[in-house]
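Welcome! Please take a moment with the sequence and the 3D view, and then walk through the main features with this short briefing.

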Amino acid sequence: MNMIIRHIIMAVVCSLLLAALLIGVTFIAFSLDMPNGWPAIWEQQIGDVSYLLTTIGIVVVFGTIIGIATGWYWKERLYQIDRKLDELVKGQKLSLNDESYKELDSIQERMFQIQDKFRNQAEHAQRLATERAREREVSLQEIVVQERNRLARELHDSVSQQLFAASMMMSAINEMNPPQDGKFKQQLQMVEKMIHQSQLEMRALLLHLRPVALKGKSLKEGVEELLLELTQKVPMEIDAKVEGFRVDKGVEDQLFRILQESLSNTLRHAKASLLQVLLIERDETVILRVEDNGIGFNLEQVKTSSYGMQNMRERAYEVGGTFKVISVPNEGTRLEVKVPVLRKEDVTDD
């Protein structure tokens, strides 16, 4: 039930009880002095309206006014609480109201304490992530890096090149010397598409084989290098806006890994012709957004079965951030990660 209506009902009920008490007192006080007793009181009028109806009407109107006033009064104050709780849930800074309600001072103070607690926990999580990132870089064995690079080179020089040659040959057959048999022609075109998809799968695999650590590079440098290599190898338009900013090493490492995973998923599944990447800092928040115009997918079906999606979500949560994916079948997918900037260390801006 609406708060204002509830207050109106309560005020009217209280007013009716007050009216009943007032009428009862009137009957008791005046029935003894009047010749006809109670019947004479029933017949009393104020103007052209009986005394009883006038009394009840005045009380109901008065109660309604009081109910509307008190209902609106508390509705405004509860709206302020709801708005601040919404800001708290979204990870935004609690706003300071120009209009202060003394009744809500203690509640607002508790909300600011909760916000400080959340920020301290996020700062602690980021500090732990930074320490783990540094430990991973220090403990990373050189032989593992060399083996990954060797495997990537061999795949690129052998399988990737053979897939490229097969794709060129199938394209030449289909364009220069197409078979007359329609069914056979359709099968050759299907083979060409399969080879093309295998090339995308191979590029996604090579993307995974790249060392995931930035290894001394800033996040901006690593992302630009990754996107440049992708532009050279994938027939896809890439629109990127990457800004330089200072952020903890642990946050950089996790954002870079999330971007790698997202690009790999796009290459393997999206069938997109346009990829947009945004990496900026606004209002003490790092925003990473990856959007494509591919085939999209059903979020409910992917939530429980996609290891990559779960992995990206956990990486975002590990640094106190938020993870959001919006996908519409046949209209594309948008991935957005927001991480609050709580601690900053010296990072070379490009």
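Two strands count as paired if DSSP finds at least two bridges between them. With that in mind, aspartate 239 stands opposite glutamine 276 in strand 4. Please keep in mind that this is a predicted model.

**The sheet**

- An open sheet is formed by 5 strands in the order 3-4-5-7-6, and the pairing is mixed.
- Strand 3 (237-242) and strand 6 (322-328) are found at the edges; each has a single partner strand, so one side of each has no neighbour in the sheet.
- On average, neighbouring strands of this sheet are turned by 5° against each other, direction ignored.

**Strand 3 and strand 4**

- Strand 3 and strand 4 (residues 274-282) run parallel and are joined by 6 bridges.
- Besides the pair of aspartate 239 and glutamine 276, lysine 241 has leucine 278 in strand 4 as its bridge partner.
- Together with helix 8, strand 3 and strand 4 make a left-handed β-α-β unit.

**Strand 4 and strand 5**

- Here the pairing is antiparallel, with 8 bridges between strand 4 and strand 5.
- One of the bridge pairs sets arginine 282 against threonine 285 in strand 5.
- The two strands, 4 and 5, form a hairpin with 2 residues between them.
- In the turn of this hairpin, aspartate 283 has a positive phi of about 55°.

**Helices on the sheet**

- Which strands does helix 8 (residues 249-270) touch as it packs on the sheet? Helix 8 touches strand 4, strand 5 (285-292) and strand 7 (332-340), and its direction makes about 10° with that of strand 5.
- Helix 10 (residues 307-318) also packs on the sheet, where it touches strand 6 and strand 7; the direction of helix 10 makes about 150° with that of strand 6.

**A closer look at helix 8**

- From its first C-alpha to its last, helix 8 reaches 30 Å with its 22 residues, close to the 32 Å expected at 1.5 Å a residue.
- Because 20 of its 22 residues are buried, helix 8 is largely enclosed by the rest of the structure.
- Lysine 271, just after helix 8, takes a positive phi of about 55°.

**Helix 7 and its two faces**

- Helix 7 (residues 219-233) has 15 residues, which should span 21 Å at 1.5 Å a residue; its end C-alpha atoms are 21 Å apart, in agreement with that.
- The buried residues of helix 7 are Leu219, Lys220, Gly222, Val223, Leu226, Leu227 and Leu230.
- These buried residues cover an arc of only 165° around the axis, which means that they lie on the same side of helix 7.
- On the face turned away from that buried side, helix 7 carries the exposed residues Leu228 and Gln232.

**Threonine 130 in helix 4**

- Threonine 130 is part of helix 4 (residues 105-139).
- Is threonine 130 buried or exposed? Its relative accessibility is 3%, so threonine 130 counts as buried, the cut-off being under 20%.
- Leaving aside neighbours within four places in sequence, threonine 130 is in contact with Asp248, Lys249 and Gly250.

Definitions and conventions. Residues numbered from 1 in each chain as written. Predicted model: local features only at pLDDT ≥ 70, side-chain atom pairs only at ≥ 80, totals over all residues. Heavy atoms only, no water. Expected span 1.5 Å × (residues − 1). Buried < 20%, exposed > 50% of the residue type's maximum accessible area, 1.4 Å probe, protein only. Arc of directions from axis to C-beta. Contact = heavy atoms within 4.5 Å. Axes fitted to C-alpha atoms, helices over the stretch in contact; angles between N-to-C directions. Right-handed = clockwise from strand over helix to strand, strands pointing away.
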